[in-house]
Amino acid sequence: MSPEFNLIAKYFTRATPSADLGVGDDAALLRVSKGYQLAISIDMLVAGTHFFHDAAPYDIGWKSLAVNISDMAAMGATPKWATLAIALPEINEPWLAEFSRGLFACADRFKVDLIGGDTTRGPLNISVQIMGEVPTGEALRRDGAKLDDDIWVSGKLGSAALGLAHLQRKITLESEVAEHCLQALHTPMPRTDLGLTLRKKANSCIDISDGLLADLGHILDASNLGATVALDNIACHDFLRARLDEAIIQQCILAGGDDYELAFTAPQSQRHAIEQLAHQLDLPLSLIGKTTEKLGIEVTYKQQLLDISKKGFDHFG
């Protein structure tokens with residue numbers, strides 16, 4: 001057996017109960033449930049751009065799948081299958097063992113089967129394609145926002161960006177805060193349960209990968225709307241809440257990225273139902289603003305307009 005096929009067999013081959021045929025042939029064979037559409041997304045993680053070269057391989061494995069599962073959550077889809085293409089500088093057995101352990105820990109948590117992929121030699125690059133199912137016509141989309149919709153976000157924003165700032169020595173965090181923020185950065189938790197329950201409540205949805213303002217902007221552009229957002233209303237870690245006046249903290253919350261929470265819009269008539277949903281899921285859901293006819297995003301803090309010239313992460317910046 002060639003080194004490539006031995007690598008695949010040793011680290012990336014498991015039973016795939018949700019697929020008719022998984023790893024080991026020229027293609028996988030899937031059967032989509034009757035009355036459902038197939039949702040497909042793909043993300044690439046590049047060493048030095050999306051993670052540090054010395055990052056823990058377990059964390060890289062988890063995150064490489066989690067960021068894709070988050071896309072399924074944003075569509076209101078159930079994640080089911082994934083493929084993995086990975087370029088490796090060399091065959092490093094301990095690294096691969098930890099990477100695959102993290103990948104499959106995430107796969108098991110969200111009931112995703114790895115059904116195929118490819119490996120090659122090259123600079124460390126990881127590309128995962130995710131596939132899921134959503135009832136026909138019920139997918140959450142970016143272009144569905146309506147005028148005067150409430151704007152909501154899940155979870156607590158800014159922790160991952162703060163963790164990155166700590167690693168870059170732009171800010172120094174005490175150990176307990178650093179541990180929380182680095183966990184948010186390295187092992188994000190996709191909001192699949194929330195996405196599924198929003199199918200008939202939300203008008204639009206997106207996951208926050210490049211920063212709240214950048215990703216909310218995608219909804220607004222697709223829906224031809226603007227928005228007002230109150231920074232004061234966004235849930236965040238107590239450390240950030242206590243320092244909201246600082247520019248770096250505002251940057252983490254509004255434009256830091258890597259949150260992998262959901263931003264969504266919903267009619268005001270759904271407000272009580274969404275508040276109840278927060279209790280049911282034990283998940284903060286913050287009402288942070290509303291959509292407007294005036295294009296663009298206005299952000300206020302203590303009822304004063306903020307300068308939001310930097311809106312999010314640029315992959316080519």
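The legends below describe close-up views of a predicted model.

**View 1. The protein chain as a whole, with its helices, strands and contacts.**
In this predicted model, the protein chain holds ten helices and eleven strands. Of its 317 residues, 50% are buried. Among the contacts in the protein chain with a separation of 6 or more, 85% are made by residues that stand 24 or more positions apart.

**View 2. The open sheet of four strands.**
The strands of this open sheet follow the order 1-4-2-3, and their pairing is mixed. Strand 1 and strand 3 (113-121) are the edge strands, each of which pairs on one side only. On average, and with direction ignored, neighbouring strands of this sheet are turned by 15° against each other. Helix 3 (residues 93-109) packs on the sheet, where it touches strand 2, strand 3 and strand 4, and the direction of helix 3 makes about 165° with that of strand 2.

**View 3. Strand 4 and its two antiparallel partners.**
Strand 4 (residues 125-135) is largely enclosed by the rest of the structure, because nine of its eleven residues are buried. Strand 1 (residues 36-46) pairs with strand 4 in the antiparallel sense over eleven bridges, and within this pairing Ala 39 stands opposite Gly 132 of strand 4. Strand 2 (residues 78-88) also pairs with strand 4 in the antiparallel sense, over nine bridges, and here Thr 83 has Gln 129 in strand 4 as its bridge partner.

**View 4. The parallel pairing of strand 2 and strand 3.**
Which sense of pairing, parallel or antiparallel, joins strand 2 and strand 3? The two strands pair in the parallel sense, over eight bridges. Leu 84 can be followed across to strand 3, where its bridge partner is Gly 117. In general, the strands of a sheet pair through backbone hydrogen bonds, and either sense is possible, parallel or antiparallel.

**View 5. The largest cavity and the residues that line it.**
The structure holds one cavity of 30 Å³ or more, and about 50 Å³ of space lies in the largest cavity. Its lining is made by Leu 65, Ala 82, Leu 103, Phe 104, Ala 107, Val 112, Asp 113, Leu 114 and Val 128. Helix 3 and strand 3 are the elements that give two or more residues to this lining, and helix 3 supplies the largest share, three residues.

**View 6. Asn 68 and Tyr 58, two residues of helix 2.**
Asn 68 has its place in helix 2 (residues 57-75), and Tyr 58 also lies in helix 2. Asn 68 is buried, with a relative accessible area of 0%, whereas Tyr 58 is partly exposed, with a relative accessible area of 22%. When neighbours within four places in sequence are left aside, Asn 68 is in contact with Ser 41, Ile 42, Asp 43, Val 128 and Ile 130. Under the condition that neighbours within four places in sequence are again left aside, Tyr 58 is in contact with Glu 98, Phe 99, Arg 101, Gly 102 and Ala 105. Tyr 58 and Phe 104 are 46 residues apart in sequence, and their C-alpha atoms are 9.6 Å apart in space.

**View 7. The open sheet of seven strands.**
This open sheet has the strand order 6-8-5-9-7-10-11, with mixed pairing. Strand 6 (204-207) and strand 11 (304-305) stand at the edges with a single partner strand each, so one side of each is left without a neighbour in the sheet. Strand 7 (residues 226-230) and strand 9 (residues 285-292) run antiparallel and are joined by four bridges. Val 229 stands opposite Gly 289 of strand 9.

**View 8. Cysteines without a disulfide.**
Why does Cys 181 form no bond with Cys 252? The sulfur of Cys 252 is the closest cysteine sulfur to that of Cys 181, yet it is 8.2 Å away, which is too far for a bond, because a disulfide calls for a pair of cysteine sulfur atoms within 2.5 Å. A search of the whole structure finds zero disulfides. Cys 181 is buried, with a relative accessible area of 0%, and Cys 205 is buried as well, with a relative accessible area of 2%.

How values were computed: Residues are numbered from 1 along each chain as its sequence is written. This is a predicted model: local features need pLDDT of at least 70, side-chain atom pairs count only at pLDDT 80 or more; totals for chains, interfaces and linings use all residues. Side-chain values use heavy atoms; hydrogens and water are left out. Buried means under 20% relative accessible area, exposed over 50%, partly exposed in between (1.4 Å probe, protein chains only). Two strands pair if DSSP finds at least two bridges between them. Axes are lines fitted to C-alpha atoms, for helices over the stretch in contact, and angles run from 0 to 180 degrees between N-to-C directions. Contact means heavy atoms within 4.5 Å. On a 1 Å grid over the protein atoms alone, a cavity is a set of points where a 1.4 Å probe fits but cannot get out, and a pocket is an open set with protein on both sides within 12 Å along at least five of seven lines; lining residues have an atom within 4 Å of a point. Grid points are joined across faces, edges and corners, and a volume is the space filled by probe spheres set on the points.
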